[in-house]
Amino acid sequence: MAILGKSKICPFKEDSSLIKKINYKEYKFLRKFITDQGKIIPAHVTGVSAKYQRMLTREVKKARILALLPFVVDPRQN
Amino acid sequence: MVFYETTYILHSALQEGRLNDIISVIENKIKSLGANIVYSDNWGRKKLAYMINKEKYGTYIFVQFSLKDSDKLKELSAEFEHNPNVLRYLNIRIEEEDLMEPKQQDKQEKETKKTEAPVVEDKLDDSNNTAVEEKK
């Protein structure tokens with residue numbers, strides 16, 4: 001789901017218009033940064049810089065509270 | 001003056017009229033705290049990412065408001081806690097620039113959205129705007 005490649009360049013520094021999409025309301029966008037299991041993908045995989053990774057984690061956690069994103073997805077189900 | 005946004009999830013089994021009743025009850029509660037509702041939206045019925053109170057679906061309501069006395073937010077939280085139709089809520093403090101434009105009528109809304117979008121993005125690089133819109 002979250003395949004942005006192993007880019008070493010932060011996607012938010014490349015395209016600054018994406019920054020405003022770091023918001024729990026844009027949960028479909030945030031899906032790119034979580035695994036199929038629902039875990040937040042580490043920054044060293046996605047290449048996101050520390051500043052935006054912090055913002056991402058906060059927003060993902062807000063989206064989880066509102067059940068817009070899962071806390072966990074059990075791969076044995078479905 | 002402090003700005004907040006609140007998203008709450010209502011029981012999806014509610015009838016249309018009953019739903020609007022509850023929304024107005026909550027909006028009146030917000031107004032009774034001395035708040036001014038800037039923007040409100042119904043995101044509609046959505047599938048929840050996980051079950052809440054054994055419910056699979058919920059109706060999402062989104063409100064942005066300004067509040068003079070931030071202590072009053074506890075009263076709003078109490079209202080949500082005691083209302084059995086509210087499955088989940090989230091109050092977030094926001095900055096003034098995060099406020100959404102007040103809603104127009106449906107037809108106008110689509111037009112304004114198109115025209116508004118670039119205005120917001122003006123601060124950012126214009127060259128990126130087209131790229132993002134194409135992705136949508």
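Here is a quick briefing on the nonpolar core, one exposed helix residue and the layout of chain B. Keep in mind that this is a predicted model. The largest nonpolar core has 30 residues, and both chain A and chain B supply elements to that core. Chain B itself has four helices and four strands.

**The core**

- Among the 30 residues of the largest nonpolar core, the ones with the most contacts inside it are A:Leu30, A:Val60, A:Ala63, A:Leu68, A:Leu69 and B:Ile9.
- From chain A, the elements giving two or more residues to this core are helix H2 (27-30) and helix H4 (50-65). From chain B, they are strand S1 (2-11), helix H1 (16-32), strand S3 (55-67) and strand S4 (86-94).
- S3(B) makes the largest contribution, with four residues.
- As a bit of background, nonpolar side chains tend to be buried together in soluble globular proteins.
- Which residues does A:Leu69 touch, leaving out those up to four places away in sequence? In chain A they are A:Tyr27, A:Leu30, A:Ile34, A:Gly38, A:Val60, A:Ala63 and A:Arg64, and from chain B there is B:Ala49.

**A:Ala50 in chain A**

- A:Ala50 sits in helix H4 of chain A.
- Is A:Ala50 buried or exposed? A:Ala50 counts as exposed, because it has 9 C-beta neighbours inside 10 Å and the cut-off for exposed is 12 or fewer.
- Take A:Ala50 and A:Phe71, which are 21 residues apart along the chain: their C-alpha atoms are separated by 22 Å.

**Chain B overall**

- Going along the sequence, the elements of chain B run β-α-β-β-α-β-α-α.
- Chain B has 136 residues, and 14% of them count as buried.
- If you take the contacts in chain B between residues at least 6 apart in sequence, 72% join residues at least 24 apart.

**Helix H1 of chain B**

- H1(B) has 17 residues, so at 1.5 Å a residue it should span 24 Å. The C-alpha atoms at its ends are 24 Å apart, which agrees.
- After H1(B) comes B:Gly34, with a positive phi near 85°.

**The S2/S3 hairpin of chain B**

- Strand S2 (residues 36-52) of chain B pairs with S3(B) in the antiparallel sense, over 11 bridges.
- For B:Lys46, the bridge partner in S3(B) is B:Gly58.
- Two residues lie between the strands of this hairpin, and B:Asn53 takes a positive phi near 50° there.
- S3(B) thus turns up under two topics: it pairs with S2(B), and it gives four residues to the core.

Note on methods
Residues are numbered from 1 along each chain as its sequence is written. Chains are lettered from A and ligands numbered from 1 in the order in which they are written. This is a predicted model: local features need pLDDT of at least 70, side-chain atom pairs count only at pLDDT 80 or more; totals for chains, interfaces and linings use all residues. A nonpolar core is a set of buried Ala, Val, Leu, Ile, Met, Phe, Trp, Tyr and Cys residues joined through C-beta atoms within 7 Å. A residue is buried if 20 or more other C-beta atoms lie within 10 Å of its own, exposed if 12 or fewer, and partly exposed in between; C-beta atoms are placed from the backbone. Two residues are in contact if their C-beta atoms, placed from the backbone, lie within 7 Å. The expected span of a helix is 1.5 Å times one less than its number of residues. Two strands pair if DSSP finds at least two bridges between them.
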